[in-house]
Amino acid sequence: MSGEISPTGKRSGSGSSPELRASHADRDRAVDVLRIAAGDGLLTADELDERLEAALSARKVSELTALTADLPPVSATAGATVPEVKDMVRIEQVHSGAVERVGRWVVPRRLELAVTYCEVTLDFTDAVITHDTLRINVTMTGKTLTLVTRPGIVVDTDGLQLVHSRVKYRQTPTSRDTPVILRVELVGQKAHGRVVVRPPRRTFGQWLLRRPASLSAGA
C-alpha cells in the first residue's frame, strides 16, 4: 500500500510491500522507536512492555508498522536519524579539562571511564537511549562523577568500590506508571571525590513557579 509508515516512522514508497517479512534490523529499529517514545512520555510502562513484546515477536513489517503508526513524526523518526550505537566507548584523561556528555548524545552499550583528577558529567536529560542497560566501568581518582537523570532512568551503584569517596543519590521524581527506559550500572572503583546522581536543575522560571507553593507550605 502506498504511503505506508515504516517501523522507523518514514513513509515507504509505492514499490514496497507491507507484507514483507520483518528482519532483525526491522525489529531493532521498531524497538528503538518505542523506547525513545517512552522516554518522551508518549507510552506508559504497560504500553511499552506490550509493544516491545509484540515487536520482538513480529514476523511481518506490517505488524511493526502498527506498533509505531500512532506516534508523532518527531518521535517516530528519531530512531531512524540516530547514529549507530557503539558497543563500547572509552574515555581516558589525566589532569585535563572536564569530561562532559550533554545534549542529544547517543548512549553506548558500555562505557569505560579511566580518568584522573578530571570532572566527569554524564547528562541523560536529552540523551538518545536505544537499549535498556548501560554498564559504566569506572577507574576514576579525584573530582566528581555526576550523572544527571530523568524519569525512567535508574542508577545502580552497588557494584562500585568507594575509596575515600562517597555517593550522593537524589532520586528523580516519577509516577508509578513511568517505564524504566535505562538502567545504569556503575562498577569498578572511585577513589577520592564524589559520585553524584541527581535530576536536572530547575530553571529560574521553574523556581519562580514553585516559590509561592513553598512559601505557603512554610507559613
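A residue counts as buried here when its relative accessible area is under 20%. With that cut-off in hand, we can walk through this predicted model, beginning with a helix. Helix α3 covers residues 61-68, and its buried residues are Val61, Leu64, Thr65, Leu67 and Thr68. These residues all sit on the same side of α3, because the arc they cover around the axis is only 160°.

Now step back to the whole chain. The protein chain has 219 residues, and buried ones make up 41% of them. Its secondary structure comes to 5 helices and 10 strands. If you take the contacts between residues at least 6 apart in sequence, 69% of them join residues at least 24 apart. On the outside, the chain exposes about 12300 Å², with carbon and sulfur atoms supplying 49% of that area.

Let's turn to the strands, with β3 as a good place to start. Strand β3 spans residues 110-116. Of its 7 residues, 5 are buried, so the rest of the structure largely encloses this strand. One of its partners is β1 (residues 88-94), which pairs with β3 in the parallel sense over 7 bridges. In that pairing, Met88 stands opposite Arg110. Another partner of β3 is β5: these two strands also run parallel, joined by 7 bridges. Here you can find Val115 with Met140 of β5 as its bridge partner.

Strand β5 (residues 133-141) is worth a look along its length, since its side chains alternate. Leu134, Ile136, Val138 and Met140 point to one face and are buried. Thr133, Arg135, Asn137, Thr139 and Thr141 point to the other face and are not buried. From β5 you can carry on to β9 (residues 182-191), where 9 bridges join the two strands, again running parallel.

Two residues let you trace a path across these strands. Glu112 of β3 stands opposite Asn137 in β5, and Asn137 in turn stands opposite Val187 in β9.

Glu112 itself deserves a pause. Is Glu112 buried or exposed? At 18% relative accessibility, Glu112 counts as buried, because the cut-off is under 20%. What does its side chain do there? It makes a polar contact with the side chain of Arg110, at 2.9 Å. Leaving aside residues up to four places away in sequence, Glu112 touches Met88, Val89, Arg90, Ile91 and Asn137. Four of those names take us back to β1, which covers residues 88-94, while Asn137 belongs to β5.

Next, the aromatic rings. How many aromatic pairs does a search of the whole structure find? The search finds 1. Trp105 and Phe124 form this pair, and the arrangement is tilted, with 5.4 Å from centre to centre and 45° between the planes. Trp105 lies in the loop between β2 and β3, and Phe124 lies in the loop between β4 (120-123) and β5, so the pair ties together parts that are 19 residues apart in sequence. Both Trp105 and Phe124 are buried.

Around this region there is another link across the sequence to look at, starting from strand β2 (residues 99-101), where Glu100 is found. Glu100 and Thr121 are 21 residues apart in sequence, but their C-alpha atoms are 4.8 Å apart in space. With a relative accessible area of 49%, Glu100 is partly exposed.

Finally, have a look at the backbone in two loops. Most residues other than glycine have a negative phi. Tyr117, which is not a glycine, has a positive phi of about 50°. You'll find Tyr117 in the loop between β3 and β4, where it is partly exposed with a relative accessible area of 38%. His192 also has a positive phi, near 60°, and is likewise a residue other than glycine. His192 is placed in the loop between β9 and β10 (194-198), and its relative accessible area of 35% makes it partly exposed.

Technical notes:
Residues numbered from 1 in each chain as written. Predicted model: local features only at pLDDT ≥ 70, side-chain atom pairs only at ≥ 80, totals over all residues. Heavy atoms only, no water. Buried < 20%, exposed > 50% of the residue type's maximum accessible area, 1.4 Å probe, protein only. Helix = DSSP H or I, 4+ residues; strand = E, 2+ residues; numbered from the N terminus. Arc of directions from axis to C-beta. Polar contact = N/O pair within 3.5 Å; in protein donor to acceptor, adjacent residues only side chain to side chain. Contact = heavy atoms within 4.5 Å. Areas by Shrake-Rupley, 256 points an atom, 1.4 Å probe, with all protein chains shown as cover. Pairing = 2+ DSSP bridges. Phe/Tyr/Trp six-rings, centres within 6.5 Å; stacked < 30°, edge-to-face > 60°.
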